[in-house]
Amino acid sequence: MTGKRVLTAYAVLYLLFLYAPIVLLPLFAFNDGTVIAFPLRGFTLEWFEELTRTAALHQATLNSLVIASSTSVLATCLGMFAARAGARFRFPGKGGILGFIMLPLVLPEIIVAISLLVVLLQLGLSLSIWTVVAGHVLICTPFAVAILNGSFAGLDRSLEEAAVDLGETPLSTFRLVTLPLVTPGIVASLLICFTISLDEFIIAFFLSGNQPTLPVYLWSQLRFPGRLPIIFALGTILVCLSVGLLVAAEIFRRRGLRKAGLKDTGGFL
Amino acid sequence: MTRPIIELRNVHKYYGDYHALRGITADIGAGEFFSLLGPSGCGKTTLLRAIAGFEDISSGAILIDHREMEGVPPNKRPTNMVFQSYAIFPHLSVAQNVGFGLRRSPMSGEEKRKAVAEALEMVGLGGYGARAAHALSGGQRQRVALARALILKPKVLLLDEPLSALDKKMREQMQHELRRLQRQVGITFILVTHDQEEALIMSDRIAVMFEGSVAQLTDPQTLYRRPATRRVGEFIGMMNFLPAKLSGETSGGAMVEVAGLGTAELLSDQIPEGRAREGSIGVRPESLTILHEGQTAPREANAEVVERTYYGDMTYYDVRPEGVDGTVSVSMRNMPGRRVSEPGERVRLAWDPAAMVFFP
Ligand SMILES: Nc1ncnc2c1ncn2[C@@H]1O[C@H](COP(=O)(O)OP(=O)(O)OP(=O)(O)O)[C@@H](O)[C@H]1O
Ligand SMILES: [Mg+2]
């Protein structure tokens, strides 16, 4: 029994350590005072109002949204090609090629960021949100592949053959049979890639030049102690958004599996 | 056979170096229930998929309704297929599945709905249209797959082991239903199966395949009574083989001397693989009879019972004819008043050359 109690205590401590700092975010975001310390002073929405008045922040938000949307669409498309090829075709070097696509998942981001920066500068390209998109596609594609692999591998090949047999062309078969069955996977992939890109800092920091993303802007504001509560307010919004998107992604993924009558073989949540 | 609807002309198929189909030539008649029967890996599915257009053939020709099919994709062929896994679209309802092939048809919405209802009625699923496809049992999926293919009124329906996923009782029921359905719609059915009993029960004609070639193509009765090769005889039902010698020729065939039984005349259709001095004769267990006391037969031989297995309606014996090393099996129907012989007993065996086939 004591063993069980120790384990429970361990789990509680672990979760506290993991999530307590995040709980502090909204606490101080609504706290009426610029000093980040207890005791709390009183409730205020001032910091959120301040957010709406900061033009640079709006530009950063816009940058982030453009980058995250472009990244999620591009990475999901690439992921679809890879997952489809992996599920359908046999070709020489298949294992190695698929492995290479997944590699950025374990590469240190700072290495990826610095290498990309060197290459871009060598090519004489100027840094912009599009160089960030390139970097984010690189790190998001493995996630897209991992999610979509499940959708495509679980798809019985004879379903597509049956559609062709019943008179459809390969193209209309893709639209009528393949796409509806993998749509939940695609939506999940879009949402997760969007979230990853929105939260990513290191690559954005190196590649964004003078067009900062939200996380980069946040970091730049840390120099001004007086603006700390504003950062907490912004952080609160970002956390809520990320959690919301991830939950939505998982719901779509599970619904897709149910719809196709498949067993759950994993996922990210 | 009626007018041919499918003509296979020396069809070859290579997968890389592997020679999967080795010169298949056959005509399949309109309205026929035709089966492709053979052990696993003999190329049945490959041939069926080649007819459907899912596999290109390496050489030879496939004609459907006298039209060369080379380069014609599956969606343009007058064939439809029932897949082994049924391939029911899981995101569509039963009615949407059945009506899938009508999407491009010029029928009105009302006509389509009627056609779907009729097709479901035909396979015994009337009123199931609104069900979700993934909520169906194996037997129901099978029926949906049938309705979905038949609604297009194809010239040929291709079925790849459609019953193998069903349990025994359901399978037997579907065998009869498929047969009834085929007679009702009059469409040519080509059934792939590795179950010889299923092929015998359902087919008008059967092509037995081994290693990418057709070993024999004929009706079920001839296939069973006059297998063209020893291998076909072994594959279809049970067959005994006894060493035999062909002696003199006669006007209609040849004299054969069967070890342990005796000498008799075989007709030439009982020597399908050609004459050879030495070989063996094949004979079915039910074509040999153990005589009871007082009973006589034109040809008798002495034998000893080695083993017997009692099944209620039948008794299966292993008997050793005099002068033979091995045993042959004999099946006897258990009649009232007929005694079951015991191991060690000496019995008289009646045999009939008309039920024998000689293989070199
Ligand atoms: N796409 C392929 N690539 C390479 N070889 C193949 C391919 N498809 C089938 N084969 C080979 O061709 C042979 C015939 O296969 P086929 O599926 O036609 O057999 P089958 O008679 O249907 O067997 P089963 O009863 O097991 O379904 C097999 O040896 C198989 O390994
Ligand atoms: Mg097969």
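Start with the cysteines: there are zero disulfides over all chains of this structure, which is a predicted model. Select C77(A), which takes part in no disulfide; the nearest cysteine sulfur belongs to C193(A) and is 10 Å away. C77(A) is partly exposed, at a relative accessible area of 36%. Go on to C193(A), also outside any disulfide, where the nearest cysteine sulfur, that of C140(A), lies 4.6 Å away. Because a disulfide needs the two sulfur atoms within 2.5 Å, that 4.6 Å separation does not qualify. C193(A) is buried, with 0% relative accessibility.

**Surface of chain A**

Next, select L7(A), Y10(A), Y14(A), L15(A), L18(A), Y19(A), I22(A), V23(A), V239(A), V243(A), V247(A) and I251(A). Together they make up a nonpolar surface patch with about 1100 Å² of accessible area. Colour α1 (2–29) and α11 (228–259) of chain A: these are the elements that give two or more residues to the patch. Which element gives the most to the nonpolar patch? It is α1(A), with eight residues. For a single member from the other helix, pick V247(A), which lies in α11 of chain A. V247(A) is partly exposed, its relative accessible area being 42%.

**Salt bridges, beginning in chain A**

Over all chains the structure holds 23 salt bridges. Show the side chains of R88(A) and E160(A), which form one of them, with N to O at 2.5 Å. This pair links distant parts of the chain, 72 residues apart: R88(A) belongs to helix α3 (residues 55–88) and E160(A) to helix α7 (residues 157–165), both of chain A. Are these residues buried or exposed? Both R88(A) and E160(A) are buried.

Move to chain B and select K13(B) with E55(B), a salt bridge whose closest N and O atoms are 3.8 Å apart. K13(B) sits in strand β1 (residues 4–15) of chain B, while E55(B) sits in the loop between α1 and β4 (59–64), so the bridge ties together parts 42 residues apart in sequence. K13(B) and E55(B) are both buried.

For a pair within one helix, select E110(B) and R113(B), where the closest N and O atoms of the salt bridge are 3.1 Å apart. Both residues are in helix α3 (residues 109–122) of chain B, three residues apart, or about one turn of the helix. E110(B) and R113(B) are both exposed.

Now select R157(A), E161(A), K13(B), R49(B) and E55(B) together: salt bridges with shared partners join them into one network. The network thus includes K13(B) and E55(B), the pair visited above.

**Helix α1 of chain B**

R49(B), from that network, is also one of the buried residues of α1(B). Select the whole helix, residues 44–52: eight of its nine residues are buried, so the rest of the structure largely encloses it. The buried residues are K44(B), T46(B), L47(B), L48(B), R49(B), A50(B), I51(B) and A52(B). Step just past the helix to G53(B), which has a positive phi of about 100°.

**Domains of chain B**

Finally, colour chain B by domain: domain 1 covers 4–230 and domain 2 covers 238–359. How far apart are the C-alpha centres of the two domains? They lie 39 Å apart. Where the domains meet, domain 1 of chain B gives eight residues to the contact and domain 2 of chain B gives 13 residues.

Technical notes. Residues numbered from 1 in each chain as written. Chains lettered and ligands numbered in written order. Predicted model: local features only at pLDDT ≥ 70, side-chain atom pairs only at ≥ 80, totals over all residues. Heavy atoms only, no water. Buried < 20%, exposed > 50% of the residue type's maximum accessible area, 1.4 Å probe, protein only. Helix = DSSP H or I, 4+ residues; strand = E, 2+ residues; numbered from the N terminus. Patch = residues over 30% accessible without salt bridge, like charges linked within 9 Å, V, L, I, M, F, W, Y side chains within 5 Å. Areas by Shrake-Rupley, 256 points an atom, 1.4 Å probe, with all protein chains shown as cover. Salt bridge = Lys/Arg side-chain N within 4 Å of Asp/Glu carboxyl O. Domains from an automatic or database assignment. Contact = heavy atoms within 4.5 Å.
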